[in-house]
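Work through these exercises with the coordinates open. Each task is followed by a stepwise solution.

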Amino acid sequence: MDVGWSRPENPYAPINAITMYHSWPDKFVTIAVPPEEWDGTWEYDKHPNFKFDDVIIVSSERELLMLVLQEIENADIITGWNSEFFDAPYLVKRTEMVLGKAFTQRWCFPQARGPKFNMVTTSFGDERMVVKLNGRVHLDYMDLFKKFTFEGRPSYALAYIAEVELDIPKLEYDGTLEELYHSDFSTFVAYNYRDTEIIKELDKKY
């Protein structure tokens, strides 16, 4: 049976890598769960400017999510690109599935109410799941970019915006991200980092 792409409404696929950027200490944090076939070596020559030795390798999605919750403890604002309709609700849903509903409260401020899910109608007319955090603020940088760059863009895909606005192209790869994860874990991790780096540089520019 074809269940389609994993999405917040049906978040069956585990999270195997995440990169965060903390603005106050100017620090990137990458956490990744390697595939079983990974031999523990990085392809430094393929991505000479990437600091593979700083990647935190964990053994499970559970460990990854626990570290993410620790990393955001002192964060007032969480941002992403198209994160309103994907990253934010997906992360909270996977937290609920893997760690239990009680842990989803940690996406909000201590003593605040836990996150609340809603279904909203997008500008394309389809129903999508979103999540409201309490206390801690979530901002979707794609939405902000649309609102504050008044001339508009032919595409708001992060790859296109990065190419037009910045000198930081997205990494290219063949096949799907799942295939990349298993066939070239070094590029998979560098790709994950690059997306966060692009958003950081867009914030710096605007």
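A nonpolar core is a set of buried Ala, Val, Leu, Ile, Met, Phe, Trp, Tyr and Cys residues joined through side-chain atoms within 4.5 Å. Buried means under 20% relative accessible area. The model is predicted.

**Exercise 1.** Find the largest nonpolar core and the elements that give two or more residues to it.

Solution.
- Step 1. The largest core holds 38 residues. Those with the most contacts inside it are Ile31, Leu64, Trp107 and Val189.
- Step 2. Two strands give two or more residues each: β1 (17-22) and β2 (27-32). The helices that do so are α1 (61-71), α2 (87-99), α6 (177-183) and α7 (185-205).
- Step 3. α7 provides the largest share, six residues.
- Step 4. Another core, of 13 residues, lies apart from this one. Among its members are Trp81, Tyr141, Met142 and Ile198.

**Exercise 2.** Lay out the open sheet and place the helices that lie across β1, β2 and β3.

Solution.
- Step 1. The sheet has three strands in the order β1-β2-β3, with mixed pairing.
- Step 2. β1 and β3 (56-57) are the edge strands, each pairing on one side only.
- Step 3. Two bridges join β2 and β3 in the parallel sense. Ile31 stands opposite Ile56 in β3.
- Step 4. α1 lies across β1, β2 and β3, at about 10° to β1. α7 also lies across these strands, at about 30° to β1.

**Exercise 3.** Which residues does Trp107 touch, leaving out those up to four places away in sequence?

Solution.
- Step 1. Set aside the residues up to four places away in sequence.
- Step 2. The contacts are then Val68, Leu69, Ile72, Ile78, Leu91, Val92, Thr95, Leu133 and Arg136.

Terms used:
Residues numbered from 1 in each chain as written. Predicted model: local features only at pLDDT ≥ 70, side-chain atom pairs only at ≥ 80, totals over all residues. Heavy atoms only, no water. Buried < 20%, exposed > 50% of the residue type's maximum accessible area, 1.4 Å probe, protein only. Helix = DSSP H or I, 4+ residues; strand = E, 2+ residues; numbered from the N terminus. Contact = heavy atoms within 4.5 Å. Pairing = 2+ DSSP bridges. Axes fitted to C-alpha atoms, helices over the stretch in contact; angles between N-to-C directions.
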